[in-house]
Amino acid sequence: MAAEIPLSVTLEELAEAAQRPADSVEQLKVLVSRLHARIKAQDGESRQEVMSLMATPQHQGVEHLVRVLELCRDPLLVAAVCTLLHDFLSPSNKAELRSEVLQECLALNAAEVIFRTLKALAAEGLGAIDVCVHPAYQVLAKLASKDPKLAVRARLVGGVRLTHQLLQAHSKNSVPLLPLLMLSKHLAKNCTNQMVLGKEGCVATLATLLSSVPKTHWAKIKFIMEVLALLTKTKSNVIRLVRESGLQRALAILDSWEKVERRHQVKLLRGVLGTLSHVCDSKHGCKAVVSLNGIEVVQRFIQMCPADKRFDNNLAYATSVFLKCISKGELPVASVKGAFTFQVPNRDASPPPSDLQNDSLGLDVDSSDDEGDYDLEAEDEDSELQKDFTSFTITSEYSPKRIRMEDLLKLRPLFPELNDFQVQTETRFTLSNISSSEGGVRECVSEATAERYLVASDATRSLISFVKVAYPDMVAAQGPAHLEELYEKDRKVCRSKAIATVERVLHPEVYLERVVYDLDYLLETEHSHQQLITPPTSLLRPLSNLDERRVGKKDMAVNHLNFESRFESGNLRRVIQASKTEYDLILNADVNSSHHYQWFYFEVSNMEASTPYVFNIINNEKPNSEFNYGMKPVMFSVQEAMEGRGTWGRTGYDICYHKNHFSRAPKAHDPTRSKRSSANACYYTATFTVVFPHAYDICYMAYHYPYTYSRLKAYLGRQHGKELPSHVFYSNQVLCRTLNGNPVPLLTITSKDDKKDKEVIFFTGRVHPGESNASWVMEGVLDRLMQDSAISRQLLDKYIFKIVPMLNPEGVIHGNHRCGLTDEDLNRRWMEPHPILHPTIYHAKALLEYLQSVAKVKVRVFCDFHGHSCQKNVFMYGCSRVQSWWPGDKQTPDDPDYKLLPRLAQKYMRTFSLLDCHFLIERARETTARVAVWRQFNIPMSYTIEASTCGCDQGPYKNHHLSTKHLLESGEELCEALSYLACSAEVLATQLQADTGRSACRRQCVPRVSVERTPADASQDVIIWSSDLDEEELDSDADFDLDLYGTV
Ligand SMILES: [Zn+2]
C-alpha cells in the first residue's frame, strides 16, 4: 500500500513532520517505514529513486532525518531512522549516491547527534535504548570510518564513555556487539580516548569478552584484538591487560592461529602481534610475556608463518616482539663511546653565555632527527618538546643577545667586496704550493689533481693519526655519469633476514665471531696490522696512498677480508667475521658521543673473485632507512680506476634494514626521548651483499659519495689557481678556526664592480658531516657562479654571494655523522652559538649581523645545505608566519616571497620536488639555522635545502639514484632558479604559471612518499621491510562492509 503513495508526497510529508518531530512521532514512524519499504524493495530502480531524491538538496531528505534524530526522544523512531540511514549506506547502493548521503551525514554532524540522543534516552537507564543500539552503532561505525575527527568529538559529547557502558551491557548479546566493537576501534585511535577507555575499565571488558565470545566469532575477536592493540599504546593499559589475564588469551590465539577463519587471519594476527609489541615496550610487559612462555609461542609463529606476502607484516611484528622479549646482547665493543675523544675547552673561559644558552631551554637537545628529517621517533619527540619546554616563550618581542659592536667591526676584513675588493693577506685561505711528487700516484691519474689533494690533506689536522689518504678522494672520484636504478627490494630476502636474526639469537654457537678489524686496538698500539698500507718509505710526507702497489696481491697471512678506515671521513670501529663470507661491522660513534651511527666509509681488501660477501652494519640507530626504499651503498674499486674506470658507483643486492638483538644505550642526557622509545631500544642492521669486481682489489665502500674537508680545500685551491672569467671577483678567506685548529673557508663571489645596491645571498653547508651530498650540491653552485656564463654575470651583477661551504670540518674529517667535537648538533646552536665551542656557527652568524647592523646590506636569501637520509628528491624547508607554532608570528602576514625560491626551484631543478617542501616553524626548530636566521635577521627567504642520499621518486630521475652528477647539476640549476629572483613581478608570474600546472598534475599522478610510509598505528619500532606496511592498508576497513552487511 505504501508503495502506491508517490515518493514525492512522502518526502513532502517528511519535511513537514520533521519541523515538529516531538508532536509527529507516530506519523514519522509511518513515513520512515514507507521509505524503508521502498529501499528494501527488490526493485533496484525504486531503491535508486529513493536514494537520489533523498540526496538532492531540494528535498533535504537526509537533513530531515537527522533533525528527527536530534529532536525526537522515541527509541523506536530513533531505531527506525538509523536503520533507514544504515540501509542508505549499504554497499548494494550506487557508490556515488551512497557517498552523497554519507557526505551529507558528515556535514550535519549526524554522529554527534546520534550520541547526544542516545545519551538523553539512556538517562532513564541503558535498557531504554536497547532497541536502537544496534542500528545506531551501525551508522556510527560507518560514519567513523570516514571521519578521523570523530574520535575527539565523540569524547566531547560523552560518546566514549557511553560506548564502553554499552559494550559492558551487551557483552552477552551478540547482535550489537560487532558495531560496538567497530566503533570502539575508531575511538581508541585517539590517545586521550585510550586513557579514558582505560580508566573506564575497557581493557577488563575486552579481556572478559575474549573469553566469553564464542570461539568461532572471528570477526568480533579480530576487533577486540585490534582495539586492544590500540589501547596498549598507553602504558597503564598494558598493566591492566596483564592484570586482567588478557595476555594469556592473546597468546593462546597466536598459538593456534591456524584455526582462525582464513579471511580474518591476517588482521587478527596483526591485532594480537600489535598488542604484544606494545606490551613488550615496557619491562613489566616483557616480563609477563616471558613468564607466559610467550617467546616460544612467538618463535613457533615465526617458524610457521606462511610465505604469503600478506603475512609479511605479521612476520615483521613477530620478529620485533621476539627481539623485544629476549634479553639483549651488548654491542661487542669496549665502550659505546667513540674510539677517541677530544678535550673540550672550558666554556667559561669565554664571556658567559646568556640565558638563551642555558641548557634548561632544552631546545637543542633534540639532535636525533635531521632538520626536518622526520624519523619515526621525531614526531613523538616534537610533541614532547611542545609539552616539556614551556620555559621557552617568546613574550612580546624576540631579542636575542647581540654581538658587541666592537667585535662586529673586527669582521670588516671579511667583506672585501665592500672595501674596494682589497683582500688582506693575513685573512687569505692558502694552499701552499708544494710541487714535489710522491710515489704511489700513477701517471694515468691526473697528477696535479692528486698532488693538490695530498697537499691539502697534509695541512689537515686530525685527532688520530691517519694512515693514508683514501684513493678515491685523492683522484677526486665522482659517481657515474649514467643513471643507476633504485634497488628493488626482494621481500623474500627481507623475510629470510628477519628469520635469520631470530635464528642467530637462538643458535649463536654456529657463528665464527672472529675480530678482524679493531680500531681501539690499532689506536692503542699505534701500529698497523697491514704493513702494506704504511710501509716506512712512505713517511717522506705525512700521508700518501700506495693502493696501486697493493692491488692484485693476496695477503697470505690471513684468510679473511682486510679492513681499514683510518683516513679522512673514514668510519669503522670494529669488524667481526661471522662466517666465511659474512661480516658484522660496527661503526664508530661521533667524537665524544655514544651515538649518531649512520655514516660509514672504509676500505676493504683481500677479497676472492666471484664471491658474494655479506656486510651487516649492526649498530645503526634510526628506526628506518632509505636502505629499505631502494638505496644502495656506494663502492669504488682501485683496480677499475687503474683500468680507466675510476668512478664511485652504487653496489650491492639483498639490501635490507631491520632491527637486531643488540640493546642500545638510551640517550642519558636527552630528556626529550620518550620512555617508550628508550626502554627497550635496539640497534638496527643495514645489510647488503657485494660481489667485488676483481680478486685482491682494494675497494672503498661508503654510505654516500664521500666529500672530505681536504677535497673542499683542493677544490677551492684549484678555483684559485685557474683563470676565472673576467667578471668574477672571488676571494677565499679564513672565517675562523675550528676547535682543533683547522681553518674554515669563507668565500665571497660577486662581480668586480662597485654597485651600491647589491643584495647578499648567504649560503652555508655541511653542518651535518654525514650529509656529504650537501657538499656536492654546494660545489655545483660554486661551479656555476664562477663560470663564464650569462647566469653567472646576471647573478654576480646583482648579488654578493657569501658562502661558508663547510660549517663542520671537524665532523667531516673524523667521519662523524651528526656532530662536531663536542657531541652537539651544531644546527641546534644558531640561536646563541658559543664563540669558543661553536666557532663556525658563531662567526657565520656574526657575518649576518655585520651585514645588517654595520654594512646595512640586505640579505635576500639565506640557505643552509643539507642531505636527507629518509626522503627522496631535493626539496626545501622555509618559514611561514601563518604556519608558526608561536601565535605572535601569525599577527603579521607572510611576506609574499617566502615560497618564491622553492617555486622557482621546482621549475628549474630537475631533482626538485615542491610537494616535499614545507614551511612550518616548529618550536623544536627554533635553534636551527633556517628559523634562527629568519627570526633574528628578518629574512623572509630563509631556507634549508635537502638533497636525498638515495634518489628521486618523481621527475626525470624517478626511480633512480642521485649520482654526484645530479647533485652538482642541482647546485647549478639552483643558480638558474636564483637568477629569476631579480625579475619583475610580471615575468615571475608567467614563469611560475606553468609551474602551478606541473605541480597540480603531479599532485594527482604521484602519490606522496610520506603518506605511503606512515607506519602501522605509528608504532615506533616495527621492522618495516615490507613496502606494504602502511596505515592505509592496516587501518582500512576493506572488510568493514563485509562485517556489517554480510557478504555483498
Ligand atoms: Zn642535516
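I began with helix α31, which is mostly covered, since 13 of its 14 residues are buried. I then checked the length of α31, residues 772-785, and found that the 14 residues reach 20 Å from the first C-alpha to the last, close to the 20 Å expected at 1.5 Å a residue. I note at this point that I am working with a predicted model, and I read every value below as computed from that model.

**Zinc site**

I looked up next what holds the zinc ion, and I found it coordinated by H768 through ND1, by E771 through OE, listed twice, and by H866 through ND1, at 2.0 to 2.3 Å. Along the sequence I wrote the donor residues as H-x2-E-x94-H. Which geometry do the 4 donor atoms around the zinc ion make? I would call the arrangement irregular, because the angles subtended there run from 57 to 152°, whereas a tetrahedral label would need all angles to lie between 85 and 135 degrees. For reference, I keep in mind that the ideal angle for four tetrahedral donors is 109.5 degrees. I also recorded the accessibility of two of the donor residues: H768 is buried at a relative accessible area of 0%, and E771 is likewise counted as buried, at 4%.

**The annotated position**

I turned to the UniProt record, an unreviewed entry, which lists E946 under "active site"; I take this as an annotation that may be inferred rather than shown by experiment. In the model I located E946 in strand β18, which covers residues 942-948. Is E946 buried or exposed? I count E946 as buried, because its relative accessibility is 0%.

**From β18 to α37**

Following the chain onward, I reached N959, placed in the loop between β18 and α37. I noted that N959 has a positive phi of about 65° although it is not a glycine, and I set this beside the general expectation that most residues other than glycine have a negative phi. N959 counts as partly exposed, because its relative accessibility is 43%.

I then examined helix α37 itself, residues 964-979, and compared its span with expectation: at 1.5 Å a residue its 16 residues should span 22 Å, and the end C-alpha atoms are 23 Å apart, so the two agree. I found α37 mostly covered, with 14 of its 16 residues buried.

**A second positive phi**

I looked up N293 as well, another residue other than glycine with a positive phi, here near 60°. I placed N293 in the loop between α18, residues 283-291, and α19, residues 294-304. At 47% relative accessibility, N293 counts as partly exposed.

**Cavities**

I searched the whole structure for enclosed space and obtained 10 cavities of 30 Å³ or more. I took up the second largest cavity, which holds about 110 Å³ of space. Which of its 14 lining residues are closest to the centre of this cavity? I listed N808, E810, G820, L826 and P839. The elements that give two or more residues to this lining are α33, residues 809-813, and α34, residues 839-855.

**Pairs apart in sequence**

I finished with C-alpha to C-alpha separations, taking each pair with the setting of one partner.

I found M225 in helix α14, residues 218-231, and count M225 as buried because its relative accessible area is 1%. M225 and V272 are 47 residues apart in sequence, and I read 5.7 Å between their C-alpha atoms.

I found M182 in helix α11, residues 174-187, and count M182 as buried at 0% relative accessibility. The C-alpha atoms of M182 and K142 are 9.0 Å apart, with 40 residues of separation in sequence.

I traced C917 to the loop between α35, residues 900-908, and α36, residues 929-937, where C917 counts as buried at 11% relative accessibility. I noted C917 and K899 as 18 residues apart in sequence and 9.5 Å apart in space, C-alpha to C-alpha.

How many residues apart in sequence are N740 and T460? I recorded 280, with 9.9 Å between their C-alpha atoms. I placed N740 in the loop between β12, residues 728-737, and β13, residues 743-751, and I count N740 as buried because its relative accessible area of 13% falls under the 20% cut-off.

Conventions
Residues numbered from 1 in each chain as written. Predicted model: local features only at pLDDT ≥ 70, side-chain atom pairs only at ≥ 80, totals over all residues. Heavy atoms only, no water. Helix = DSSP H or I, 4+ residues; strand = E, 2+ residues; numbered from the N terminus. Expected span 1.5 Å × (residues − 1). Buried < 20%, exposed > 50% of the residue type's maximum accessible area, 1.4 Å probe, protein only. Donors = N, O, S within 2.8 Å, 3.2 Å for Na, K, Ca; no water. Tetrahedral: all angles 85-135°; square planar, octahedral: opposite > 155°, others 65-115°. 1 Å grid on protein atoms, 1.4 Å probe; cavity = no way out; pocket = protein on both sides within 12 Å on 5 of 7 lines; lining within 4 Å. Points joined across faces, edges and corners; volume = space filled by probe spheres on them.
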